[in-house]
Amino acid sequence: TPDQLQKYEKIEAFVKGFKLSSHTYKKIMSLLNEEMNNGLHKHTNHSADIKMFPTFVRSLPDGTEKGQFLALDLGGTNFRVLLVKIDGRDVDIQSRTYLIPQRVMLGTGTQLFDHIADCIIKFTQQHNLRGIKLPLGFTFSFPCKQEDLNQARLSKWTKGFRCEGVVGEDICKLLHEALKRKSNMDVEVVAIVNDAVGTLMSAAHNDRDCEIGIILGTGCNACYMENLKNVGVWEGEYDHPDQMLINTEWGAFGDNGCLDFVRTEYDRELDNFSINPGKQLMEKMIAGMYMGEIVRLVLERLTMEGLLFQGIDRECELFVRGRFYTKYVSEVESDHDEFFRNTKQVLDELGIQNYTSEDCKVVKYVCTLISARAAFLASAGLATLINRLNKPSITIAVDGSLYRFHPRFHNLMQLKIHELVRPGLRFKLTLSHDGSGKGAALVAAVALRLR
Ligand code: ADP
């Protein structure tokens, strides 16, 4: 009906900012590539948003690694301790997950590392590892400037963490000190890696073409294998192997304003109310920590404009920040017929009453646009890396709940990357398992093998 058409046109005006052309994604790619070069070069690194940290990882696993390792995983909502046994291609993992309470995430560094130490001590007692000094790989998924494989200074907190007194400190040292405070326990930290690196290593264990890793979870980050001669910030030796795994920390892309031409009013509002305004702007358009909230802001706006949920109760949870979870986006988009079963369940959970099928359709449409933009931005990033590597065949290791559970993320990325890479370059997106456990242990194992 004409009324409906008019309504759709009005809705479109509020969401059109999420629809970007191929031309725009290509523009983003060239800006990103430029910023990557800035990050890699000595004279421009200090002012680059993307830090392109050398990880000190220069070799990928070859399947001959062997041994028993402890691994730690800190970087999202949970902290995990793992016992990883590697014997060639066989990997056995036992792990335990420990919650990090909000008060610890926003407390002091001492509290955080004491908490971590307590968890490690508990784990080693439960697994009869007391007195055994195992090599340890620490997946610490925040931007760090590495000074060695097992020496990493935190450059800033992201993803909801903000512990006092840790920025600028060596993570490995803080861990040792906490373990000493808490018990006489000693560990040999062989490697500190981030989750993107772990994800890549884990997949590379079975696939020699794997040279890119990406995380699409709470946050968004990527790493890739760069020629050492392109790494201007490298001050170490240039012996064989003449390559270096680079942790891009591309989540910070756009912090200098270069993405403002694509950011919407909703992106700006989300950023203003975050604990790190002006920071991690690319990440905030992609990652799981933020996607649901962007959807919520749009739905809130459409409701206020009278285009959605007529007569809604103003006390309802749709109007509460953070209340529209990113997993809802996956659920809503999994509806494939006019019954909108999942969508209705989500709206019920939010306490929205008297919604119509039309409303469900609009909610789904909004989710679709915002998740597609996220998948396409991630694709633009990956296509930039694939073009840089310029190899006939590349495997990209992916991990993170957003990629795992969103019903269309993989397909959207597959299509978009294909559209954006130089013709003739083949690529494969593969789900990587146990990046933060197996991957971290493998980094340690490779380092020990090469010692
Ligand atoms: P992390 O990145 O912290 O290691 P995950 O990969 O599990 O952990 O990512 C957690 C993020 O994934 C959260 O921000 C959450 O909103 C999002 N998430 C969880 N479940 C889903 C889902 N079903 N669909 C999309 N996103 C999800």
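In what sense do E2 and strand E5 pair, and over how many bridges? They pair in the parallel sense, over five bridges. The legends below take this pairing and its surroundings in turn, in a predicted model.

**View 1. The open sheet has five strands in the order E4-E3-E2-E5-E8.** Its pairing is mixed. E4 and strand E8 (188-193) are the edge strands, each paired on one side only. On average, neighbouring strands of this sheet are turned by 20° against each other, direction ignored. The parallel pair is E2 with strand E5 (residues 135-140). Within that pair, Ala71 stands opposite Gly137 in E5. Helix H5 (residues 171-182) lies across E5 and E8. H5 runs at about 140° to E8.

**View 2. Strand E2 (residues 66-74) and strand E3 (residues 78-87) form a hairpin.** Three residues lie between E2 and E3. The two strands are antiparallel and share nine bridges. Asp73 stands opposite Arg80 in E3.

**View 3. A hairpin joins E3 to strand E4 (residues 90-99).** E3 and E4 run antiparallel and are joined by 10 bridges. Two residues separate the strands in this hairpin. Gly88 has a positive phi there, near 65°. Asp87 has Asp90 in E4 as its bridge partner.

**View 4. Helix H4 (residues 109-126) is covered by strands and helices.** H4 has 18 residues. From first C-alpha to last, H4 reaches 26 Å, close to the 26 Å expected at 1.5 Å a residue. The buried residues of H4 are Leu112, Phe113, His115, Ile116, Ala117, Cys119, Ile120, Phe123 and Thr124. Their cover includes the strands E2, E3 and E4. Helix H3 (102-105) and H5 also contribute to that cover. Asn128 follows H4 and has a positive phi, near 50°.

**View 5. Helix H2 (residues 22-40) has a buried side and an exposed face.** H2 has 19 residues and reaches 27 Å between its first and last C-alpha atoms, close to the 27 Å expected at 1.5 Å a residue. Its buried residues are Tyr25, Ile28, Met29, Leu32, Glu35, Met36, Gly39 and Leu40. They cover an arc of only 135° around the axis, so they sit on the same side of H2. An α-helix has 3.6 residues a turn, so residues three or four places apart point the same way. The buried residues of H2 pack against helix H12 (357-389) and helix H14 (409-420). His23 and Ser30 are exposed, on the face of H2 turned away from the buried side.

**View 6. Helix H1 (residues 2-15) is hardly covered.** None of its 14 residues is buried. What span should those 14 residues have at 1.5 Å a residue? They should span 20 Å, and the end C-alpha atoms of H1 are 20 Å apart, which agrees.

**View 7. Met52 and Asp434 have positive phi values and are not glycines.** Phi of Met52 is near 50°. Met52 lies in the loop between H2 and strand E1 (53-54). Is Met52 buried or exposed? A residue counts as buried if 20 or more other C-beta atoms lie within 10 Å of its own. Met52 has 26 other C-beta atoms within 10 Å, so Met52 is buried. Phi of Asp434 is near 55°. Asp434 lies in the loop between strand E13 (426-431) and helix H15 (435-450). Asp434 has 22 C-beta neighbours inside 10 Å and therefore counts as buried.

**View 8. The peptide bond from His240 to Pro241 is cis.** Its omega is near -5°. Pro241 is in the loop between strand E10 (220-227) and strand E11 (243-247).

**View 9. An unreviewed UniProt entry lists the spans "domain: Hexokinase N-terminal" and "domain: Hexokinase C-terminal".** The entry gives residues 11-204 for "domain: Hexokinase N-terminal". Residues 11-204 are 35% helix and 27% strand. The end C-alpha atoms of residues 11-204 lie 45 Å apart. For "domain: Hexokinase C-terminal", UniProt lists residues 211-446. Over residues 211-446 the chain is 47% helix and 14% strand. The end C-alpha atoms of residues 211-446 are 16 Å apart.

Methods:
Residues numbered from 1 in each chain as written. Predicted model: local features only at pLDDT ≥ 70, side-chain atom pairs only at ≥ 80, totals over all residues. UniProt positions renumbered as here; feature names shortened; annotations may be inferred. Helix = DSSP H or I, 4+ residues; strand = E, 2+ residues; numbered from the N terminus. Expected span 1.5 Å × (residues − 1). Buried ≥ 20, exposed ≤ 12 C-beta atoms within 10 Å, placed from the backbone. Arc of directions from axis to C-beta. Contact = placed C-beta atoms within 7 Å. Pairing = 2+ DSSP bridges. Axes fitted to C-alpha atoms, helices over the stretch in contact; angles between N-to-C directions.
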